[in-house]
Amino acid sequence: MHNIPTSRMKGTFRVGEKVLKEQVDSERTEVGLVEDMKVYKEDLNMHTLSPTIVDFYERTTGYRLFTKVKWRTWFKPFAFLYRIFSRKTQQINLPLSSREVEMTGDIVPVSEEADGRHRPRAWVRKIGEEVCFIAIYSFHKTAERTYMNIGLPLPWSTMTGILELNQMESNLSLSSKRLKSKDADSGTYLTVKHKRFKLPIEEYFLVEEVGEGNLRATHKMWLFSIPFLTITYRIVAKSS
């Protein structure tokens, strides 16, 4: 495995917003998960990709996010036990209920020196006052393919999702599965100290425009190739 760039950001037992303390780059202001979607132009047709999808990734703070979480029945006992842990760590902290709730959040510029990747920015998502996700976005390029590179600080470790982007008509898919090449960087990795392991976790996103200023994103996850979680997002432009 070649040297895939991964975030150096790690937490202690409680991750939450604490992990970003003193690591904010005060010289930058970021409003989107991506500075410019043209960075993926080798893999996407910017003329036919939904302009609303482009705008969401470049101007994420201009949208409201509503979510429904659906755990597969077989995984619910594990989800219940994990929820006890995640409420304390304040990371990858998802509700057990499947009712729709609003996630609020912000984009926080993170120091390149602290993170180790190019122009990292954290997407902090909350339900009420409770942190759900601290995900730090960047990108990297290997063999003419550009990957979305997402770091999630965990207690004394970092999980990294490497996603390949593909276009489906005007819609966008993002996948940690190796869809086009067995040598792709796509995958989910765990870094502990200086060792990196590939995890048996796969994820797939489909982002679709469903109306002017409105998107639907479906996020599916597998463990050992068995589906265990589906998250559906309703994304609405704040100006709508």
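A nonpolar core is a set of buried Ala, Val, Leu, Ile, Met, Phe, Trp, Tyr and Cys residues joined through side-chain atoms within 4.5 Å. The structure examined here with that notion in mind is a predicted model.

**Interior**

In the protein, the largest such core comprises 47 residues. Met 37, Tyr 57, Met 148, Leu 172 and Leu 174 are the members with the most contacts inside this core. Strand β12, which spans residues 226-237, supplies the largest share of the core, namely six residues. A second core, separate from the other, has twelve residues, among them Val 15, Leu 20, Val 110 and Ala 122. In soluble globular proteins, nonpolar side chains tend to be buried together.

Tyr 57 illustrates how the larger core is connected. Leaving aside residues up to four places away in sequence, Tyr 57 touches Gly 32, Leu 33, Val 34, Met 37, Met 148, Leu 172, Leu 174 and Val 207. Among these partners, Met 37, Met 148, Leu 172 and Leu 174 are also listed with the most contacts inside the core.

**Overall fold**

The protein is built from three helices and twelve strands. Its radius of gyration is 17 Å, which agrees with the value near 18 Å for a compact globule of 240 residues. Along the principal axes, the C-alpha atoms fill a box of roughly 45 × 40 × 40 Å. Of the 240 residues, 53% count as buried. Among contacts with a separation of 6 or more, 60% are between residues 24 or more positions apart.

The accessible surface comes to about 12,300 Å², and carbon and sulfur atoms account for 54% of this area. The protein has 37 positive and 29 negative charges, and the mean positions of the two sets are 8 Å apart.

**Individual residues**

Two residues that are not glycines have a positive phi: Ala 143, at about 50°, and Phe 224, also at about 50°. Ala 143 is placed in the loop between β4 (130-142) and β5 (145-154), and Glu 144 lies in that loop as well. Phe 224 is found in the loop between β11 (214-223) and β12. Asp 55, by contrast, belongs to helix α1, which covers residues 51-58.

The table lists the accessibility of these four residues.

| Residue | Relative accessible area | Class |
|---|---|---|
| Ala 143 | 72% | exposed |
| Phe 224 | 60% | exposed |
| Glu 144 | 59% | exposed |
| Asp 55 | 25% | partly exposed |

Because exposed means over 50% relative accessible area and buried means under 20%, Asp 55, at 25%, counts as partly exposed. Ala 143, at 72%, is over the limit for exposed and is therefore placed in that class. The values of 60% for Phe 224 and 59% for Glu 144 put these loop residues in the exposed class too.

Two pairs of acidic residues can be described by their C-alpha distances. Glu 144 and Asp 43 are 101 residues apart in sequence, while their C-alpha atoms are 9.2 Å apart in space. Asp 55 and Asp 36 are 19 residues apart along the chain, with 9.5 Å between their C-alpha atoms. Apart from residues up to four places away in sequence, Asp 55 touches Thr 60 and Tyr 63.

Key:
Residues are numbered from 1 along each chain as its sequence is written. This is a predicted model: local features need pLDDT of at least 70, side-chain atom pairs count only at pLDDT 80 or more; totals for chains, interfaces and linings use all residues. Side-chain values use heavy atoms; hydrogens and water are left out. Helices (H or I, at least four residues) and strands (E, at least two) are DSSP runs, numbered from the N terminus. The radius of gyration is taken over C-alpha atoms; the globule rule is 2.2 Å times the number of residues to the power 0.38. Buried means under 20% relative accessible area, exposed over 50%, partly exposed in between (1.4 Å probe, protein chains only). Contact means heavy atoms within 4.5 Å. Accessible areas come from the Shrake-Rupley method with a 1.4 Å probe; for residues, only the protein chains shown count as cover. Lys and Arg count as positive and Asp and Glu as negative; His and the chain ends are not counted. The place of a charge is taken as NZ of Lys, CZ of Arg, CG of Asp or CD of Glu.
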